[in-house]
Amino acid sequence: MKRCLSLFISVALLSGCSSLSGPFSADIRTPSELVLAEPLQVNYQTEIMLMRYSQLILDAKDDRSRQARYFYERGLLADSMGLRSLAHADFQRSLTLQPDFVPAYNFIGLYMTQTEQFDEAFDAYDSIAQLDPDNNYVLLNRGIALYYGERYSLAIDDLVSAYNEAPNDPFRTLWLYYPEYQVNADDALKSVQGRYNQHIDDIWSWNIVALYSQAINETELLDKLLDGLDENDPSYNKILAHRLTETYFYLGKYKVLMNDDRAAASYFKLALSNNVYEFIEHGYARLELLRLANNS
């Protein structure tokens, strides 16, 4: 899910389960049996573009609007390279130059949520809602912030609205499930099953929702990881890295709900290992690991 460090991983035993409340069944996978992608690397052209934007920013010093845009675009590049401090600073500079620059608020909100600075995150998303009421992502991202801030009823309000805007987005279904689960686990299961049964496309990520709705189990999901991929496709590794980042993150969330913190941590580390920095799952995997460490 695009927002739209490479780590050494000690892979723990990953336990499969047919439901959130049912008994565990052994599903022991060694590192050689796990589906892994080669971690994505920053390419030469991206590094050159980062330097190029630095020059463009200097050249546009007499045009605040252009300079704000260039800071934002350099921030996007820095974010895609995992340079979060530089990206955050550039988004802030963009807003200093142009306080109504909506795209920058979105990234500020994401960064503030991922560092658990929730008041600042809410301020950023509220700014988007005021400046661009029709923005398609503010409800989703603010709902996620409210969920992590444990304001579950408000999170559900935003995430229901976000889901209604795009009911065939499997990730909106997943994020809505989490606060619903905190309020009433049984009702949340019925709701995610209903939304899964209503989907009408064949996006691969619906397999993740199928796990949560108990249509498949964890082992079956893992066995589907390569479905529809062509190893001869030049973009095969990139597509696989994207899919694994998403899948392993949501498997980690699944394990958290089952109180299997050891497996959850392993999945979150696997999600980080692909270096897909621009996906929100990458940033939230770090937050989840921090929370697991604080709770241990």
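The exercises below work through parts of a predicted model.

**Exercise 1. The nonpolar core**

Find which residues touch the most other members of the largest nonpolar core, and which helix gives the most to this core.

Solution. The largest nonpolar core has 96 residues. Within this core, W175, Y248 and Y250 touch the most other members. Helix α12, residues 236-257, gives the most to the core, with ten residues. Next, take W175 and leave aside its neighbours within four places in sequence. The contacts of W175 then include M1, L140, I144, Y147, Y148 and L159. F249, Y250, I280 and Y284 are also in contact with W175. As background, nonpolar side chains in soluble globular proteins tend to be buried together.

**Exercise 2. An aromatic pair**

Describe the pair formed by F118 and F122, and state where the two residues lie.

Solution. The whole structure holds 27 aromatic pairs. One of them joins F118 and F122, with 6.4 Å from centre to centre and 25° between the planes. Planes under 30 degrees apart count as stacked, so this pair is stacked. Both residues belong to helix α5, residues 118-131, and they are four residues apart, about one turn of the helix. An α-helix has 3.6 residues a turn, so residues three or four places apart point the same way. Now check burial, for which the cut-off is under 20% relative accessible area. F118 has 16%, so F118 is buried. F122 has 9%, so F122 is buried too.

**Exercise 3. Charges over rings**

State which ring lies under R195 and which lies under the charged end of K253.

Solution. R195 lies over the face of Y163, 5.2 Å from the ring centre. For K253, the ring is that of Y178, and the distance to its centre is 4.7 Å.

**Exercise 4. The surroundings of R93**

Decide whether R93 is buried, partly exposed or exposed, and list what R93 touches.

Solution. R93 is part of helix α3, residues 84-97. Its relative accessibility is 36%, so R93 counts as partly exposed. Not counting residues up to four places away in sequence, R93 touches F71 and R74. A104 is eleven residues from R93 in sequence, and their C-alpha atoms are 9.4 Å apart.

**Exercise 5. Helix α13**

Compare the expected and actual spans of α13, then explain why this helix is largely enclosed.

Solution. Helix α13 runs over residues 261-272, twelve residues in total. At 1.5 Å a residue it should span 16 Å, and its end C-alpha atoms are 16 Å apart, so the two agree. Nine of the twelve residues are buried, so the rest of the structure largely encloses the helix. Among them are A263, Y267, F268 and L272. The buried residues of α13 pack against α11, α12 and α14.

How values were computed: Residues numbered from 1 in each chain as written. Predicted model: local features only at pLDDT ≥ 70, side-chain atom pairs only at ≥ 80, totals over all residues. Heavy atoms only, no water. Core = buried A, V, L, I, M, F, W, Y, C linked by side-chain atoms within 4.5 Å. Buried < 20%, exposed > 50% of the residue type's maximum accessible area, 1.4 Å probe, protein only. Contact = heavy atoms within 4.5 Å. Phe/Tyr/Trp six-rings, centres within 6.5 Å; stacked < 30°, edge-to-face > 60°. Lys NZ or Arg CZ within 6 Å of the ring centre and 35° of its normal. Expected span 1.5 Å × (residues − 1).
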